[in-house]
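Student: Could you walk me through this one while I have it open? I'd like to go piece by piece.

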Amino acid sequence: MKAQRKTLSITDIKLTNARGVLKCLKGNEQISRAGISRATGLSRPTVSVLIAELIDKGCIIECGDGEAHSGRKPIILKLNRAYKYAIGLDYSSSRFIRGCVCDMAYGIIAKAERPCDASRGCILEITSGLIDELLQHIPAESSLAGIGIGVTGIVDTVKNRVIESERYDLNINYAGYLQDRYAAPIFMENDSNVAAVAEYAQGKARGKENFIYIFCSEVIGMGIFLKGSLFYGNMFNSGEIIHMAHDGITETCGCGNKGCLGVKLSESNIISQINNGDKKVNTMRQVYNLYHNYHPQTEAAVNEAAKYLSRLIANTSKLLGIDDFVIGGFFTGFGERFLRAVSEYVKQEHVGFRSNAINIQFSKFLEDGVALGAASLVLDKVWDLSL
Ligand SMILES: [Zn+2]
């Protein structure tokens, strides 16, 4: 039987064209209707009609005259960063939850944080208090587009629910409850994945179609970006590297096994190694101070972590042929010296083809990456005209 070709309706074509106009405006700060027409290949009348509708909707504004080579000056258009706002929440810690409000230009306009003991199971109550506080920062003339949540664990982004999390016990209808309470769409996503989204939208991976984001906090995870999109695997479990088996690791992991990579790349492992020596530490701030002062036991613990991290990077690069890596989470506090050490170890490990091509950077957003990425999920959907 002959396969039926899907024909685009007039509505589909109009939506595609409107998305093209918005994409063009996203990439150009000083552009007129004529400029958009040239850049998109759409006719001037089509562009004028689309722009009129998008101005009416509120997502584009006119902002004065541009330069004219001759005749009438063109009117410059830009995206309205105050059109709507998104809230992003970070559920990657067992000690606190963090949130931010972002405008349509992916800029953080407000941040807040609440202590949260994951073992007490009061996440919903604390989240509601945090959202209520963040909502105060949205101007009265604008509105909330939606709320994104970055969660440690495996998240089914189709059913919008957490399949498995070592952090918080989230009810199957968690997103639905918040959706009803705030009358806004809620999007759940893995924490490493949303942090990768932030880097792709506005950070160190901007313009990179293929890159890896490695997030190390209390646990470790990986966001894999292939051809400009997150790669999920069959069960939304791609990048779940915490229990990846590794020779030479004798410590027991929280899962009960020995040899899990996550043990060596955790804050708690570095702290416990330092505490076996002459100094006693409780916080990463103390660890950073010791490392920056070249304390021998701290140097040894951090360098060991750097070696495990470099092996992960080298092996991932060999497996996927990806050169660009962004590191987020607590490793960023060790600064450039740590990054240089990781890069050197990678060169030693990654001999042969493209051995000098691997580019390792720290996240642009540091501690805000997960919350900003969660908000970015919402903003991307608004700009895609699907919200
Ligand atoms: Zn394990």
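Student: Which residues are exposed on the other side of α1, away from its buried ones?

Tutor: Keeping in mind that this is a predicted model, the exposed residues on that side of α1 are Asp12, Ile13, Thr16 and Gly27.

Student: And which ones are buried in α1?

Tutor: Val21, Leu22 and Leu25 are the buried residues there, and they sit on the same side of α1 because the arc they cover around the axis is only 95°.

Student: What covers those buried residues of α1?

Tutor: The cover includes α2 (33-40), α3 (44-57), β1 (60-65) and β2 (75-79), and also α12 (369-383), which comes much later in the numbering.

Student: How far does α1 reach from its first C-alpha to its last?

Tutor: The helix runs over residues 10-27, 18 residues in total, and reaches 26 Å, which is close to the 26 Å expected at 1.5 Å a residue.

Student: Switching to the sheet, what is the strand order?

Tutor: The open sheet has 5 strands, ordered β12-β11-β10-β13-β14, with mixed pairing. Because β12 (229-230) and β14 (359-362) are the edge strands and have a single partner strand each, one side of each lacks a neighbour in the sheet.

Student: In what sense do β11 and β12 pair?

Tutor: β11, residues 220-226, pairs with β12 in the antiparallel sense over 2 bridges, and in one bridge phenylalanine 225 is partnered by leucine 230 of β12.

Student: Which strands does α6 touch when it packs on the sheet?

Tutor: Helix α6 (residues 191-202) touches β10 (211-216), β11, β12 and β13 (324-329), and its direction makes about 45° with that of β11.

Student: At what angle do α6 and α12 pack?

Tutor: They pack at about 75°, with their axes 7 Å apart, which means that α6 is roughly perpendicular to α12. Residues making this contact include Val194, Ala195 and Ala198 of α6, together with Leu372, Gly373 and Leu377 of α12.

Student: Last topic: is isoleucine 360 buried or exposed?

Tutor: Isoleucine 360, which lies in strand β14, counts as buried because 20 other C-beta atoms lie within 10 Å, and the cut-off for buried is 20 or more.

Student: What does isoleucine 360 touch?

Tutor: Leaving out residues up to four places away in sequence, isoleucine 360 touches Ile313, Phe325, Ile327, Leu339, Val342, Ser343 and Val346. By contrast, 38 Å separates the C-alpha atoms of isoleucine 360 and serine 32, which are 328 residues apart along the chain.

Definitions and conventions. Residues are numbered from 1 along each chain as its sequence is written. This is a predicted model: local features need pLDDT of at least 70, side-chain atom pairs count only at pLDDT 80 or more; totals for chains, interfaces and linings use all residues. Helices (H or I, at least four residues) and strands (E, at least two) are DSSP runs, numbered from the N terminus. The expected span of a helix is 1.5 Å times one less than its number of residues. A residue is buried if 20 or more other C-beta atoms lie within 10 Å of its own, exposed if 12 or fewer, and partly exposed in between; C-beta atoms are placed from the backbone. The arc is that of the directions from the helix axis to the C-beta atoms. Two residues are in contact if their C-beta atoms, placed from the backbone, lie within 7 Å. Two strands pair if DSSP finds at least two bridges between them. Axes are lines fitted to C-alpha atoms, for helices over the stretch in contact, and angles run from 0 to 180 degrees between N-to-C directions. Angles under 35 degrees count as roughly parallel, over 145 as roughly antiparallel, 65 to 115 as roughly perpendicular and the rest as oblique.
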